[in-house]
Amino acid sequence: MKTTGKNTEGFTSAQSAEGMNSSAVAKLVVVGAGTIGMRHIMAINLCPGAKLAGVAEKDESVRAELAGKGIAVSPNVERLVEDSQPDGVIIATPTDAHCHSALPVISAGIPVLVEKPIAASLNESEAIAAAAAQAGTQVLVGHQRRYHPQAAMAREMIRTGKLGEILLVSGVWGVRKHEGYYRQGFRRTREAGPVMINFIHDIDMLRHVLGEIESVAARLSNKIGGGLKEDAGVVSMKFASGALGSFALSDRVTSPWSWESATGENRIVPDAGQNCFRFMGTESSLDFPNLVHWTHEGGKGDWSRSISGEQIKCQRIDPFVSQLNHFLDVIHGLAKPLIDVRDATASLRAALAVLEAADSGCWVELQRPQRLPKAAGAGTSVWIASFSVSFEKFQTGFEFGIFNFWRFCRARDITRF
Ligand SMILES: NC(=O)c1ccc[n+]([C@@H]2O[C@H](COP(=O)([O-])OP(=O)(O)OC[C@H]3O[C@@H](n4cnc5c(N)ncnc54)[C@H](O)[C@@H]3O)[C@@H](O)[C@H]2O)c1
């Protein structure tokens with residue numbers, strides 16, 4: 001398949017599978033060799049245009065294992081970048097370390113692919129945006145689902161009105177993660193809960209296909225796992241287009257309905273072939289991502305007519321390889337990031353709003369003024385953003401301390417002093 005030219009986002013589905021075929025081989029560093037870092041390394045090994053220059057990893061035993069395979073390793077990303085002079089860096093550390101890992105690389109002017117969510121907070125994503133604007137560095141965010149050709153098809157069908165006016169969307173993300181997954185303490189925190197880790201992918205897809213989310217309401221529960229993170233949630237959404245959406249999510253249920261089970265993109269989740277999104281329009285509906293298009297007999301009608309689904313054929317791809325090919329195009333200056341900081345921040349904002357809505361019990365409006373910088377020359381913004389990140393961490397720690405103190409008092413029935 002050959003490149004057919006760029007659309008306004010600097011990306012076409014034709015490019016997604018193979019990239020734009022630059023003959024140069026790009027040297028890449030991966031930071032964090034955990035679950036997803038290893039998936040990126042696997043993609044690098046599959047991609048003729050990329051070569052692994054080294055891995056920055058905090059865990060000594062992981063470093064030793066990689067070094068045994070002849071891979072250059074270091075605990076320190078800055079030192080590794082200096083030694084290996086990579087063309088691009090992939091940040092795959094836990095979310096709360098994204099900003100810290102990415103800033104020195106971005107400031108050095110090296111293109112970055114940072115895993116989703118772009119950061120743990122809006123202040124951190126603002127710091128990343130400011131650093132990128134100041135250094136003129138491209139930042140791509142790892143919402144890899146968008147590279148599936150099915151996503152482009154659904155977006156095209158919906159945006160060209162094939163389904164009529166979209167009034168409703170419903171979705172499910174239900175899996176039962178293995179117990180070992182929760183062994184690391186950070187996985188029991190809200191930053192690693194299914195809203196911030198998994199539903200943010202669905203948010204990105206909904207925004208991509210249907211347009212911006214205007215407001216959200218949510219209920220979350222944590223009956224099973226304890227800790228601070230949610231086990232299950234329901235989310236209601238209003239889109240800027242006027243469409244309404246509802247979503248059910250859980251990482252503790254046995255179900256065949258999730259993006260991973262639908263596409264087989266995650267190698268530890270077997271392909272169940274079920275769809276997990278339904279877009280409902282006035283003229284027809286679409287089961288997604290495996291694209292079954294439902295219409296009344298003869299194309300038009302009402303509930304008295306039989307309705308049937310047509311399976312739309314679509315190529316299956318490995319989105320991590322497609323994403324990597326796109327990153328190579330970004331590195332070679334052939335494309336702009338398909339998902340940039342601003343775009344990924346909108347998904348982060350929506351995910352954080354779900355948590356806020358669940359805490360407050362109220363609808364949360366998303367269309368607040370944006371503070372992200374647009375152009376270069378944002379030195380002061382970097383400083384202010386870094387300061388506010390530190391302040392925010394201090395504030396969060398302080399609030400967490402107060403909260404735990406209150407829980408301690410309540411447990412001992414001494415809340416009335
Ligand atoms: N795109 C996807 O589908 C997808 C899937 C899973 C995870 N993720 C994202 O990837 C990120 C990592 O998740 P994971 O599940 O791979 O976590 P993980 O715990 O499996 O791996 C993280 C690795 O980073 C290392 N690390 C931590 N801090 C570091 C630092 N400062 N410098 C170098 N190494 C460091 C850890 O030792 C660990 O090996 C998260 O942000 C998560 O949201 C994305």
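**A tour from the ligand outward**

Start by selecting the ligand in this predicted model. It is surrounded by 24 residues, and the closest are Gly32, Gly34, Thr35, Lys58 and Glu115.

Keep that shell selected and colour the residues by class. The shell around the ligand holds 10 polar, 9 nonpolar and 5 charged residues.

Next, select residues 35–46, which form helix α2. This helix gives the most to the shell around the ligand, with 3 residues.

Now clear the selection and show the whole chain as a cartoon. There are 12 helices and 15 strands to find in the chain. The chain has 417 residues, and 44% of them count as buried. Turn to the contacts between residues at least 6 apart in sequence: 69% of these join residues at least 24 apart.

For the next stop, select residues 194–210, which make up helix α8. Within helix α8, pick out aspartate 202. Is aspartate 202 buried or exposed? Aspartate 202 counts as buried because it has 25 C-beta neighbours inside 10 Å, and the cut-off for buried is 20 or more.

Which residues is aspartate 202 in contact with, leaving aside its neighbours within four places in sequence? Select Gly171, Trp173, Phe247 and Trp259 to show these partners.

Finish by drawing a distance between the C-alpha atoms of aspartate 202 and glycine 171. In the model these two atoms are 8.5 Å apart, while the two residues are 31 residues apart in sequence.

How values were computed. Residues numbered from 1 in each chain as written. Predicted model: local features only at pLDDT ≥ 70, side-chain atom pairs only at ≥ 80, totals over all residues. Near = placed C-beta within 6 Å. Helix = DSSP H or I, 4+ residues; strand = E, 2+ residues; numbered from the N terminus. Nonpolar A, V, L, I, M, F, W, Y, C, P; charged D, E, K, R; others polar. Buried ≥ 20, exposed ≤ 12 C-beta atoms within 10 Å, placed from the backbone. Contact = placed C-beta atoms within 7 Å.
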